[in-house]
Amino acid sequence: MSVAVTAATDIHRTIDAVWRIESAKLIGALTRIVRDVGIAEDLAQDALVAALQQWPEEGVPDKPGAWLMSTAKHRAIDLLRRHALFERKQEELGREVELRLEQPDPVDALDDPVGDDLLRLIFIACHPILSTEARVALTLRLLGGLTTDEIARAFLVPEPTVAQRIVRAKRTLAEAQVPFEVPRDLEARLESVLEVIYLIFNEGYSALRPELCDDALRLGRIMAELVPDESEVHGLIALMEIQASRFNTRTGPSGELVPLLEQDRRRWDYLLVGRGLAALARAGDAHGPYVLQASIAACHARARTAAETDWERIASLYETLVEITRSPVVELNRAVAVGMARGPAAGLEIVDELMSEPALQSYHFLPAARGDLLSKLGRLDEAREEFERAAGLTRNARERELLLQRAGNSGSEERRKRSGI
Amino acid sequence: MRVLVLVKASKESEHGAMPTKELVAEMGKFNDELVKAGMLLAADGLHPSSKGKRVRFDDGKKTVIDGPFTETKELVAGFWIWQVKSMDEAVEWLKRAPFGGGEEVEIRPIFEEADFMEQLG
């Protein structure tokens, strides 16, 4: 009895693993046949249920992926046949379906030799008509093979909320009759895909959930193989690999944030650093926003100590990034880099120009950066005020703690002068 | 999680015999699949142990031993590092590898910092 139970749970775990490996390919192939991502997912689930019923009895087939694919495809074709029959009864032509069924062996003919199905599926999941949250949920579900429950736990939202998002997203796609194709305006649509992947990564990174970062990295690497000529994909992977290499060093023993320059570089993950630098090399000479951010991350990764950082190069990379993005946040980062490269006065000059920038009025990093430059210039009273202001603006408790600590350290100039420091 | 997949040496690999064209092609296809799935982090094949060396550490004494080493089954001929969700997933991937001549391939989870933290309490 206990042996049989063990065997059954073993098979269920095997089926889970096969599902993780195969589900995206299955759903992609099925969507091409039935032209509806919701129906495709249902059909794939049906095949999974069939496996759960048959495999414990008959054993796991030699090629479990092929078994699932052919089971699911036969179901898809049955569905199309019924649909065609129905249409004929309605005296409609349903010619497209008939044509597809006239091929000698519809199952073989429906093979996808170049992996385009997966790419089409990614573009559907990240379609601009969907909200960002819906894109994230659908991508993790369809491409990442995550269950609704796993997505809910990763994003700390109730499971029904995620389920609703996914149902609504599928309905939106069906109603809009979004075609299952690689879009002609590939670069514009790619932006949305990369944004979704980076969002997933950042959620994992800032909420300290490494699993989610791994999911994002895997999606990014899949994407890189599908569109290997797009430099920004490699840029994004490089950026994520290098950031992930610092995952363990960016928080201290009690969960406090450790700034990049104070991290223990010996504990960075050099397998990921190496992969990141290789991905960056693959991006070539292009200068898109992800490639530039990855190049900046690579400057830090290459420096064995914080003091060896090539700040001049970082400052010039930020300058190019500002030209592309026109973002005041990036300009602020440039100011910090300039401060490191050419001294705090040069950095402060740029920061002061940003003080009136409306987009940065409630951004805590502006007073924090200004406070840092002022304290380096010995203007401690002003520095303390800026750190306190920054602490009042941040919503992150750990960051607030760090800023208040810096405010305390800045002390009072008067007191210091009197005590002769 | 990450796993190290160890391909054990065989008489052939120890003799430095090159694999057949067919096997190389099939292995290439398998590796392509791993790359396309976004889970292959690193991979390499090793020269036979005749080109290897060992250093033995006794009480303050270090002895260098030249290959070849005899216990073929314990030797490693190549490795992969994979990123997977579970050991089950690693097993499923490995089952797809184009072996079939009595090779034994071992999957070992790699320690992560979190594991050390747990052990250190």
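In chain B, β2(B) and strand β5 (residues 76-83) run antiparallel and are joined by 5 bridges. The model is predicted. This briefing covers the sheet that contains these strands, the overall make-up of chain B, the contact with chain A, and the setting of one residue of chain A, A:Leu119.

**Sheet of chain B**

- Within the β2(B) and β5(B) strands, B:Gly45 lies opposite B:Gly78, the latter in β5(B).
- The sheet is open and comprises 4 strands in the order β2-β5-β1-β6 of chain B, paired in antiparallel fashion.
- Its edges are formed by β2 (40-45) and β6 (105-109) of chain B; each has a single partner strand, so one side of each remains without a neighbour in the sheet.
- On average, neighbouring strands of this sheet are turned by 15 degrees against each other, with direction ignored.

**Overall make-up of chain B**

- Chain B contains 4 helices and 6 strands.
- Read from the N terminus, the elements of chain B follow the succession β-α-α-β-β-β-β-α-β-α.
- The C-alpha trace of chain B extends over about 50 × 45 × 20 Å along its principal axes.
- Of the 121 residues in chain B, 16% are buried.
- Among contacts in chain B with a separation of 6 or more, 73% are between residues 24 or more positions apart.

**Contact between chains A and B**

- Chain A contributes 17 residues to the contact, and chain B contributes 16 residues.
- On the side of chain A that touches chain B, the elements giving two or more residues are α1 (2-34), α11 (210-226) and α13 (270-283) of chain A.
- Of these, α1(A) supplies the largest share of that side, with 7 residues.
- Sorted by class, the side of chain A that touches chain B holds 8 charged, 6 nonpolar and 3 polar residues.

**Setting of A:Leu119**

- A:Leu119 is located in helix α6 (residues 116-125) of chain A.
- With 21 other C-beta atoms within 10 Å, A:Leu119 is buried, because the cut-off for a buried residue is 20 or more.
- When neighbours within four places in sequence are left aside, A:Leu119 is in contact with A:Val182 and A:Leu226.
- A:Ala137 is 18 residues from A:Leu119 along the chain, and the C-alpha atoms of the two are separated by 17 Å.

Terms used:
Residues are numbered from 1 along each chain as its sequence is written. Chains are lettered from A and ligands numbered from 1 in the order in which they are written. This is a predicted model: local features need pLDDT of at least 70, side-chain atom pairs count only at pLDDT 80 or more; totals for chains, interfaces and linings use all residues. Two residues are in contact if their C-beta atoms, placed from the backbone, lie within 7 Å. Ala, Val, Leu, Ile, Met, Phe, Trp, Tyr, Cys and Pro count as nonpolar, Asp, Glu, Lys and Arg as charged, and the others, Gly among them, as polar. A residue is buried if 20 or more other C-beta atoms lie within 10 Å of its own, exposed if 12 or fewer, and partly exposed in between; C-beta atoms are placed from the backbone. Two strands pair if DSSP finds at least two bridges between them. Axes are lines fitted to C-alpha atoms, for helices over the stretch in contact, and angles run from 0 to 180 degrees between N-to-C directions.
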